[in-house]
Amino acid sequence: GIVEFQSKTSVVKETPWKFDFIRDMCWSSTLCCFILTTRRREIYLVNEQSLAIELVRSIDEQDWSSCTCSDTSLYLTARREGTIIFEFNLSIICTKT
């Protein structure tokens, strides 16, 4: 599940995670949410306040390993040696398919 902690022992919110294995997650200050990537090449948004989970896109080009973002872009790396960094516009990521 996804858990928000206030301190080391105080759980503030918790929501079950019923989806695929989470590969990585990053915070988007532009979207005010967490962006999660999964083993199935899916991208989810998780609302910080409610912990609501939304599947926004599946990017099938690669087996994604890690993610980070800027104000305008989501950057992903693939799970293979010698990978390059892929850049996706946040406005395109958040347009549902």
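Which residues is leucine 76 in contact with, leaving aside its neighbours within four places in sequence? The legends below take up this and related views of a predicted model.

**View 1. Contacts of leucine 76 in the predicted model.** Leaving aside neighbours within four places in sequence, leucine 76 is in contact with Thr37, Ile43, Ile59, Trp64 and Ser66. Cys67, Ile84, Ile85, Phe86 and Phe88 complete the list.

**View 2. The largest nonpolar core.** This core has 16 residues. Ile35, Ile43, Leu74 and Leu76 touch the most other members. Five strands each supply at least two residues of this core: strand 4 (33-38), strand 5 (42-47), strand 7 (64-69), strand 8 and strand 9 (85-89). Another core, of 5 residues, lies apart from it. Leu36, Tyr44, Val46 and Leu51 are among the residues of that other core.

**View 3. Serine 73 in strand 8.** Strand 8 covers residues 73-78. Serine 73 counts as buried because its relative accessibility is 5%, and buried means under 20%. The side chains of serine 73 and glutamate 87 are joined by a polar contact of 2.6 Å. Not counting residues up to four places away in sequence, serine 73 touches Thr68, Glu87, Phe88, Asn89 and Leu90.

**View 4. Alanine 78, also in strand 8.** The relative accessible area of alanine 78 is 6%, so this residue is buried. Alanine 78 and serine 65 are 13 residues apart in sequence. In space, their C-alpha atoms are 5.0 Å apart. Serine 65 is also one of the contacts of alanine 78. Leaving aside neighbours within four places in sequence, the others are Gln62, Asp63, Trp64, Thr83, Ile84 and Phe86.

**View 5. The whole chain, for orientation.** The protein has 1 helix and 9 strands. From the N terminus on, the elements run β-β-β-β-β-β-β-β-β-α. Of the 97 residues, 34% are buried. Among contacts with a separation of 6 or more, 31% are between residues 24 or more positions apart. The accessible surface comes to about 6100 Å². Carbon and sulfur atoms account for 49% of that surface.

**View 6. Confidence along the predicted chain.** The protein averages a pLDDT of 82. A score of at least 70 is reached by 81% of the residues. Confidence is highest in strand 3 (residues 22-28), at a mean of 92. Strand 1 (residues 2-5) has the lowest confidence, at a mean of 58. Where pLDDT is low, predicted coordinates should not be read in detail.

Definitions and conventions:
Residues are numbered from 1 along each chain as its sequence is written. This is a predicted model: local features need pLDDT of at least 70, side-chain atom pairs count only at pLDDT 80 or more; totals for chains, interfaces and linings use all residues. Side-chain values use heavy atoms; hydrogens and water are left out. Helices (H or I, at least four residues) and strands (E, at least two) are DSSP runs, numbered from the N terminus. Buried means under 20% relative accessible area, exposed over 50%, partly exposed in between (1.4 Å probe, protein chains only). Contact means heavy atoms within 4.5 Å. Accessible areas come from the Shrake-Rupley method with a 1.4 Å probe; for residues, only the protein chains shown count as cover. pLDDT is the predictor's confidence in each residue, from 0 to 100. A polar contact is a pair of N or O atoms within 3.5 Å; within protein, one must be able to donate a hydrogen and the other to accept it, and residues adjacent in sequence count only if both atoms are side-chain atoms. A nonpolar core is a set of buried Ala, Val, Leu, Ile, Met, Phe, Trp, Tyr and Cys residues joined through side-chain atoms within 4.5 Å.
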